[in-house]
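Me: I'd like to learn how to read a protein model feature by feature. Can you take me through one?

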Amino acid sequence: MAGLGAARELLAAGVPDVLILEAQEKAGGRVCTLPVEAGHIELGAQWIHGEDNPIYQAAHKHNLLSNTTSVEGLGPYLKIDGTELCSSLVAHVSHKISCILEDCEEFVNCNENYPPSVGQYLRDRFQEYIDCCVNDSPEDKILKWELFNWHLRFQEIDNSCTNLGSLSAKDWGKYKFTGGEDCINLSEGYSSVIDVLIQDLPEKIIHFNSPVKSVVWNENLPSKSAGNECSVFPVTVICEDGSAVCASHVIVTCSIGFLKANHQNMFKPSLPSSLTSVIEALGFGVVDKIFLFYDEPWWDSKQQAFQIVRTVPDKTDSEPKEADWWLNDFTGFDVLSHKPAILLAWVGGNGAVHMEGLDEDVVGEHCTNLLRKCVKNPETPLPKYIKRSTWFSNPYIRGGYSHTTSTCDKIGCGPKDLTVPVYCNIENSEKHPVILLAGEAAHESHFSTTHGAFESGQAQARKLVNYLKENENKFTC
C-alpha cells in the first residue's frame, strides 16, 4: 500500500521514471482477498477504518463499498464448560475496560509520570475497580477477571502485540480515527481496491516476484566515470535474481517486521543508528485468521459469534502445555455475515506463530474440540476444510502490523522518526535524500491501517517531489 501511494504521488507530480519492485506475486502487501465458493474471504486487511482517507475515497468512487459494517465482540460469551455469561455483566465489564482505555489516552502529551505500559495501567485500574465492588461475591469477582482476560486477548490481537505489558501507554492516544463509519467492508473484497489503484499506472511499472536482496548506497555521491552506468547514481537496488536497478532515490516500503529481520544485511552501508534503533524498538506482532467452512450452519441463524471466556490462569501452574494451547491466544469465532456457513477466528501472538506450523486438519480439530465443549454439543461437526493466513511465515511480511512499545518511550522514539530521510553528500555540501522509509509503521496517527500505509507513501514521495523541484535537472532518474 505504501509503495502504491508513493508511486501514484510521484507520477501525479510529473516524475517520469518510477519503478515498483514487488517481492510477491501480487500488489497490496498485507491485503489478500481469497476467492472461495462464489464469494471471498480476507486473509489480510479486513476493513476500511473511517471515511476521511484515500482508501475509503477510492472505494467509494469506484462503488466498491459493501452496505454492511462489522461489529466486534458480539456474544454470547461462553466458558469452556458451556456456561453462558450474563449479557449485562459482559456489557458492564466491557464498558469499564473502554473507560479505562479512554483515560489512558490522556497520557499522550506527558513527558513524565505516565504508566509503564497499557497492560500495567489496565490491570492496575481494573484492580482498583474490583476492590471497590464490595458487594460482589467471590464468584462474581472471578467472572469479572475472566472477562478482563478476554479483553486482554482482544487488545493483544487488535494491537498486534504479544503482551500488553510492552505496549506504550504514552502513545496510546496517538491513533486518530478518520470519522464516519468504522469496520467498513468491501463488496468484492479488499483486493478490488488494489485493482483500481494499479489499473491506471503505466504498463510494466510494477515488477512482480522481485524481492530485493540489498540496497547499496553511497554516503558521498561519486563523480561520473566511464564504463559504469550506475556510477552517477547514489543507490543501487539488487534483487535476489541478481538484477540491479540504479536510482537517484529509493522509498523502502516493506513491513517493519521484514526490516527487523533483514535491515542489518540488506543495507550497505548500514542505515544510520537513528533509524535502526527505531526499527528495533518498534513492535511488530503476529495476527492470523482461521476460516472454518461448513456445508451449512450448525448454529442458530441469529447467531453472530461465539466468544470464548477462559479461567484466570494460575501463575504457579507448571503443568505441560496441551496440544491446543495456542487457542489461549484467540478470542472466539465470528459468523461471516456475507457467507453464513463460515466461522472466522482471529489468533495472535505466540499462539498464531505456533498455529502456522500445524497441519490444517489439526487446526480444524482443535477448533472443533473447543466448540464442542463451549456449545455443549459433542456432535458439532468438523469443518469440511479450513483456510488460514500465515503472515509470520511469509518471509516478506513476518507478522501483522506495528505498535509503539514501552522501549520506544524509554529511548524517545516513535513512528515519525522512521520518516527522516537518509542523505548522501553531494557537491557544495548539499544533501541528497537517497533512502526513505514508508509504511503503516511510519504513520504517527494512522499506524496499523491500509490508509496509514498509503498516506505514508504519499508523504515520503512529496518530500522527493519538493526536492526535485528545488534541484531541477540535477538528476535524471
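Reply: Here is a walk through domains, their contact, ring pairs, salt bridges and some backbone oddities. This is a predicted model, where local features need pLDDT of at least 70, side-chain atom pairs count only at pLDDT 80 or more, and totals for chains, interfaces and linings use all residues. Residues are numbered from 1 along each chain as its sequence is written, and side-chain values use heavy atoms, with hydrogens and water left out.

Me: Okay, which domains is the protein divided into?

Reply: Domain bounds come from an automatic or database domain assignment. Here domain 1 takes in 1–32 + 39–67 + 183–283 + 406–470, domain 2 is 86–166, and domain 3 is 285–388. Between domain 1 and domain 3, the C-alpha centres are 35 Å apart. Their contact (heavy atoms within 4.5 Å) draws on ten residues from domain 1 and eleven residues from domain 3.

Me: How do I read the size of an interface?

Reply: It's often given as the accessible area lost when the parts come together. Buried area is counted with a 1.4 Å probe and summed over both parts. For domain 1 and domain 3 that comes to about 680 Å², with 64% of it on carbon and sulfur atoms. On the domain 1 side, Ile41, Leu43 and Gln46 give 59% of the area buried against domain 3, more than any other three residues.

Me: And how many salt bridges and polar contacts are there between domain 1 and domain 3?

Reply: A salt bridge needs a side-chain nitrogen of Lys or Arg within 4 Å of a carboxyl oxygen of Asp or Glu; between these two domains the count is zero. A polar contact is a pair of N or O atoms within 3.5 Å; within protein, one must be able to donate a hydrogen and the other to accept it, and residues adjacent in sequence count only if both atoms are side-chain atoms. Three residue pairs across the interface of domain 1 and domain 3 fit that rule, both partners at pLDDT 80 or more. Strand β3 (residues 39–42) brings four residues, the largest share of the side of domain 1 that touches domain 3. Strands (E, at least two residues) and helices (H or I, at least four) are DSSP runs, numbered from the N terminus.

Me: What about salt bridges by the same rule in the whole model, how many are there?

Reply: The count is twelve. One side-chain pair is Asp200 with Arg8, at 2.7 Å, N to O. Those two are 192 residues apart, with Asp200 in the loop between α6 (191–198) and β7 (206–207) and Arg8 in helix α1 (residues 2–12).

Me: How do I read aromatic pairs?

Reply: Rings of Phe, Tyr and Trp (its six-membered ring) pair if their centres lie within 6.5 Å; planes under 30 degrees apart are stacked, over 60 edge-to-face, and the rest tilted. The structure holds 15 such pairs. Phe126 and Tyr129 have ring centres 5.3 Å apart and planes at 50°, so this pair is tilted. Both sit in helix α4 (residues 118–132), three residues apart, about one turn of the helix.

Me: Any backbone oddities?

Reply: Most residues other than glycine have a negative phi, and most peptide bonds are trans. Gly75 and Pro76 are joined by a cis peptide bond, omega about 5°. Asn209 has a positive phi of about 50°.

Notes
Buried area = accessible area lost by both parts, 1.4 Å probe.
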